[in-house]
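Work through the exercises below with the sequence and the model side by side. Try each task before you read its solution.

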Amino acid sequence: MIYLCSSSESRALLLEKFDIDFIQKPVSFDEEQIHVTTAKDFVYAASKGKLEAAQKQYGLDTPLLCADTVIAASDGSILRKAKSREDAKRILMLQSGSTISIISSVHFKSKQLLFTDISATHYHFDRFDAEDLEQYLESGLWQGKAGGCMVEGFCKQYIKQVDGLESTAMGLQVERILPWLSIDQKSLHETKEEQHSVL
C-alpha cells in the first residue's frame, strides 16, 4: 500500500493499470513560489516540494508517491496549466504542428528508501484542426492539464511520432517506479523478519 499524493485521475488510472495498491491523498503545495527558468528544474522542484509537504502531513508509515509534470515547447519555454479558455487556446496553438517535451518528475519515499526519476516523452504533432480545437476548448477537459495537453484524448489523433513512455506523458512513469516498489517491499519484509527474530 502506498499514498498517491496527487489528485490526478490519470496518475490514479496508471497505478490501477499496473495493479499497484494505493490510496489517493492529495497535498497542497504552491508552485508559484518556484523561480527557475528551465522545465526540468521546475518539475523537479515542484515534485520535491510536494514530497516535503506530504511527509509533514502524513509521515512515512505508509510510503509516499509524489509527482509533477510540465510541458516544454519547442523553444524550451514552460507550458503551465492554462488559467482560462483563452490561455488554453494560446498554449495549445504553440503545440500545433510542433514538437513538445512532456517532462515528469517523481519521488517515491518510504522508511527504507528514496527514489527519484525525471523522464521526458517527446511528441511531434500535426497541425490541430480549428473546429476540433474549439470543441476541445469548449469541453473544458484541458483544465488542470499541463499545457492543456491530453495525449490520451484530444492530442492523440494529431501525433506523428512519439519518443518515450506514454505513462511519462500521462504524469507518472510507472515502469520506472515498479522495481523500486519491489525493493521497498522486500526490504520491509526483511526488516520485519529481523525484528521478529530479535523478539
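**Exercise 1.** Sort the residues that line the largest pocket by class, and say how many are nonpolar, polar and charged.

*Solution.* Begin with the classes: Ala, Val, Leu, Ile, Met, Phe, Trp, Tyr, Cys and Pro count as nonpolar, Asp, Glu, Lys and Arg as charged, and the others, Gly among them, as polar. Sorted in this way, the lining of the largest pocket has 13 nonpolar, nine polar and eight charged residues. The model is a predicted one, in which local features need pLDDT of at least 70 and side-chain atom pairs count only at pLDDT 80 or more, while totals for chains, interfaces and linings use all residues. Residues are numbered from 1 along each chain as its sequence is written, and side-chain values use heavy atoms, with hydrogens and water left out.

Next, find the place itself: the largest pocket is lined by 30 residues, and Ser8, Arg11, Lys81, Gly144 and Lys145 are those that lie nearest its centre. Two elements, helix H1 (9–17) and strand S3 (64–72), give two or more residues to this lining, and H1 gives the most, with four residues. (Helices, H or I with at least four residues, and strands, E with at least two, are DSSP runs numbered from the N terminus.) A pocket is an open set of points on a 1 Å grid over the protein atoms alone, where a 1.4 Å probe fits, with protein on both sides within 12 Å along at least five of seven lines, and lining residues have an atom within 4 Å of a point. The volume of the largest pocket, meaning the space filled by probe spheres set on the points, which are joined across faces, edges and corners, is about 660 Å³.

**Exercise 2.** Describe the second largest pocket by its volume and by the classes of its lining residues.

*Solution.* The volume is about 210 Å³. The second largest pocket has a lining of 15 residues, with Glu32, Leu79, Arg80, Lys81 and Lys83 nearest its centre, and the lining divides into six nonpolar, one polar and eight charged residues. At least two lining residues come from each of S3, strand S4 (78–79) and helix H3 (85–95).

**Exercise 3.** Which parts of the chain does the salt bridge between Glu32 and Arg80 tie together?

*Solution.* First, recall that a salt bridge is a side-chain nitrogen of Lys or Arg within 4 Å of a carboxyl oxygen of Asp or Glu; for Glu32 and Arg80, the N to O distance is 3.4 Å. Then place the two partners: Glu32 lies in the loop between strand S2 (22–24) and H2, and Arg80 in the loop between S4 and H3, so the pair ties together parts that are 48 residues apart in sequence. Finally, widen the view, and Glu32 and Arg80 are found linked with Glu31, Lys50 and Asp68 in a network of salt bridges.

**Exercise 4.** Is Asp87, the partner of Arg90, buried or exposed?

*Solution.* The scale runs from buried (under 20% relative accessible area) through partly exposed to exposed (over 50%), with a 1.4 Å probe and protein chains only. Asp87, at 17% relative accessibility, counts as buried, whereas Arg90, at 48%, is partly exposed. Their salt bridge has its closest N and O atoms 2.9 Å apart, and both residues lie in helix H3, three residues apart, about one turn of the helix.
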